[in-house]
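I opened this structure for the first time today and kept notes on what I looked up. The entries follow the order in which I went through them.

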Amino acid sequence: MSAMCYFCDVLGRIWQSPFVLYYLLGFWIAPALLHPQCLDFKPPFRPQQELQFCQMYKYFGCCDYARDQDLMAKYYRVMDNFDYYGYSNCAAYVQDLLCQECSPYAAHLFDAEDPSTPLRTIPGLCPDYCSLLHSKCSSFLPLLSDDPRVQELQHDQRELCQYLELDDPDYCYPHLLSNELLTKNLGRTIADSEGCLQLCLEEVANGLKNPLAMVHANDGTYRFFVGEQVGVVWVYLPDRSRLEQPFLNITKAVLTSPWEGDERGFLGLTFHPRFKYNGKLYVYYSVEVGLDERIRISEFRISSTDMNVVDHSSERIILEIDEPASNHNGGQVLFADDGYLYIFTGDGGMAGDPFGKYGNAQNKSALLGKVLRIDVDDNERGPLYRIPPDNPFVHDPNARPEVYAYGVRNMWRCSVDRGDPMNKDGKGRIFCGDVGQNKYEEIDIVEKGRNYGWRAKEGFSCYDKKLCANSSLDDVLPIYAYPHKIGKSVTGGYVYRGCEYPNLNGMYIFGDFMSGRLMSLKENTNTGRWDYNEICMGTGLTCSFPGLINNYYTYIISFAEDEAGELYFMSTEVPSATSPTGVVYKIVDPSRRAPPRKCHHDTLPVRVKSNLIPFKAKESLIGVTVPTKHPRLPDQEKPLEPDSKDWLQDLLDIFREQDVQNPSPFTPTTPKPLRTSRQRKGRRRKVKHKNGDVRLVGDEEGRQDQGRLEVYVNGEWGTVCDDLWNTKNAVVVCRQLGFQHALKAAKQAEFGEGKNLKIILDDVQCEGTEETLLDCQHAGVGKHNCAHYEDAGVICGNSAPGLK
């Protein structure tokens, strides 16, 4: 037992502290340089069953019980070669070295961050520890390693320890065990100094035309179905390949257009809870009937000959509602835990819900501005739907019996909480994002018979003061609302209840279509309030795992949940129904994963008749340039001035030089631009500016590659409004400033407001090839319809972005 507890006193203080157990439940503010990683190139985890051999990693590390048992068996095989004296001297060292495979930093200790290079057979050792090991029992090293160099240097303590040394003394074994910076934040979702949670993404699908619905059939096949605004639904298999033949194609019936921001189209899709047995699904889309625009909810059935194709002739129109305007079309359909179909309609459009005395939303006799609930079971004969007997207004002669809740403006994306995996807390709650008018966006929990306030209220504030003062309003307030300085069009999300990322459990993750922000709410069970945290893309090495990225297109259209409960969102570069720039991303917590095999599920086979299109990722990690890693050379082959540091240390040095503290919520900081021939050091000369010149200001750290954009026109500097601001516009600016790439088109005065300047340009639309912004389409110099809280900015760089 003494061998097994060699460093337990150190680790006991680290792991058995009550604070560690608290940290494991939440998130922790930590430097961006830390990068725990296992030998399978994935984050560490908490074992389901306590380890017996490598007990120093029993709370958090890279080994499950099965691997721990394998290492113990290997330990006894090695120790069979020792006599009593060797056993007493070397047992602890053998265990130490074997168990570093279980370290949360195993990938670094074994030089495995780069999958293309050979794995160390002995973990990286600190010089003092290596010297002690060599003096007591160097003879066992060849029993652990088949590296011929280790055997060759076995009797040369200095050369051997140099060979086994890591260049970063903070990461070598055993110093990293007592390094508080490396141990105190393990297992928590990392947040920056402003509380922004650092997560990563995995690209799942691409080339889609405004993907606005992704659902699963809950039939055990783990397929997912992605609907495009034009009216096409695609089938994706669990390996992310797509079937060439569409699942559904109703483009001829769907009313939409290529105009950016057109809210009409194919808007929603849901499968019947018993789809596996009855083959039914329901869609929500815009149609034109004569001169009228309507929203239509239809029922379809799956083909009797192909489980991956809808029988298009099976369509039955369940419900149609006239739309007085082209916007505020709602679009969500879903089945809740009660088995009924819920339909979420918009208020009819225009602005301020101007229809009738109190608007559609407050008029319970209108179907617009409502949450509807209907029963579509057993509808083969008789009416296509029935009214659930417990609908709240079924006995009100002045209300439509379909109405379940009212007073909503334009709920865009709603979801049903699966409930906590352990105790089912929260199960069945319906969360919705309701898009605001002029000031606020809100998140609501939908309950039977409740009034959600519109048009009397917008968020927590009064919109129609007369209605707002009405004592009979009896409205329910949102659980959260945010002002238009943060974002102008909420996209509702999901409460994470998946298996793969335990730290995210109970977190409601949502976004904003216009600002591109990802956000989260988590209920404080003690106060009943919802705590807010913004979500950022991981900076530094946070997302440096194979297949992960740290950037996304910022027009966030929709969120999704797969059959296993993992969370996704869809966004696009160009918000047009015909632009094939839509991408589906999976949300990943790089700080902690579930133990191996815990999330395993058996997948039912899918009979495929169509051709398959393999998935090819197009996006990449940005802002992190991994130096080339060379194989270890024998002494006689080493160059005179070797690049001896491993690539991770090179990268750490780069970050230390830059003193990275990135404020951007979307992308990591990139290196400063290369100095050009016009940027020579020396005394500055007065520069004569010309129309179209640009400059970046407002970055708190004075970095030259990012900031608020200011443009020079007719003798004065001014700001640019972020309406229609996108990456193509940013490309023109960054190229002017001498950068190769635009990493981000910043919005919402991310780099501060230029209040002392005029707003010079608005509605800028570039192709990306223009010399200056003045060569792009815009509203006209000095013409604008915005304020300084919408000042645009850019983040530029010289590394290949793979960015939107």
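The notes below go from a helix to the strands and then to the nonpolar cores.

Before anything else, I noted that this is a predicted model.

**Helix 6**

I began with helix 6, which spans residues 127-137, and asked which of its residues are buried. I found Tyr129, Cys130, Leu133, His134 and Cys137 on that list. These residues lie on the same side of helix 6, because they cover an arc of only 135° around the axis. I wrote beside this a general reminder that an α-helix has 3.6 residues a turn, so residues three or four places apart point the same way. When I looked for what covers the buried residues of helix 6, I found that the cover includes helix 4 (84-99), helix 7 (141-144) and helix 9 (157-164).

**Strands 10, 11 and 12**

I then turned to strand 11, residues 292-302, and noted that eight of its 11 residues are buried, so strand 11 is largely enclosed by the rest of the structure. Following its pairing, I found 10 bridges to strand 10 (residues 280-289) and nine bridges to strand 12 (residues 310-323), with strand 11 running antiparallel to strand 10 and also to strand 12. Ser298 served me as a marker across these strands, since I could follow it to Val283, its bridge partner in strand 10, and to Ile317, its bridge partner in strand 12. In the hairpin of strand 10 and strand 11, where two residues lie between the strands, I noted that Gly290 takes a positive phi near 65°.

**Strands 13 to 16**

Next I traced an open sheet of four strands, whose order is 13-14-15-16 and whose pairing is antiparallel. Which strands form its edges? I found strand 13 (332-335) and strand 16 (403-406), each of which pairs on one side only. The twist averages 20° from one strand to the next. Within this sheet I looked at strand 14 (residues 341-344) and strand 15 (residues 370-374), which are joined by four bridges, and I saw that Ile343 stands opposite Leu372 in strand 15.

**Nonpolar cores**

Last, I looked up the largest nonpolar core, which has 63 residues, and noted that Phe247 and Phe266 touch the most other members. Strand 10 gives the most to this core, with six residues. Leaving aside neighbours within four places in sequence, I listed contacts of Phe266, among them Leu212, Val233, Leu248, Ile250, Val283 and Tyr285. Apart from this core lies another, of 48 residues, including Phe53, Cys63, Met79 and Ile122.

Technical notes. Residues are numbered from 1 along each chain as its sequence is written. This is a predicted model: local features need pLDDT of at least 70, side-chain atom pairs count only at pLDDT 80 or more; totals for chains, interfaces and linings use all residues. Side-chain values use heavy atoms; hydrogens and water are left out. Buried means under 20% relative accessible area, exposed over 50%, partly exposed in between (1.4 Å probe, protein chains only). The arc is that of the directions from the helix axis to the C-beta atoms. Contact means heavy atoms within 4.5 Å. Two strands pair if DSSP finds at least two bridges between them. Axes are lines fitted to C-alpha atoms, for helices over the stretch in contact, and angles run from 0 to 180 degrees between N-to-C directions. A nonpolar core is a set of buried Ala, Val, Leu, Ile, Met, Phe, Trp, Tyr and Cys residues joined through side-chain atoms within 4.5 Å.
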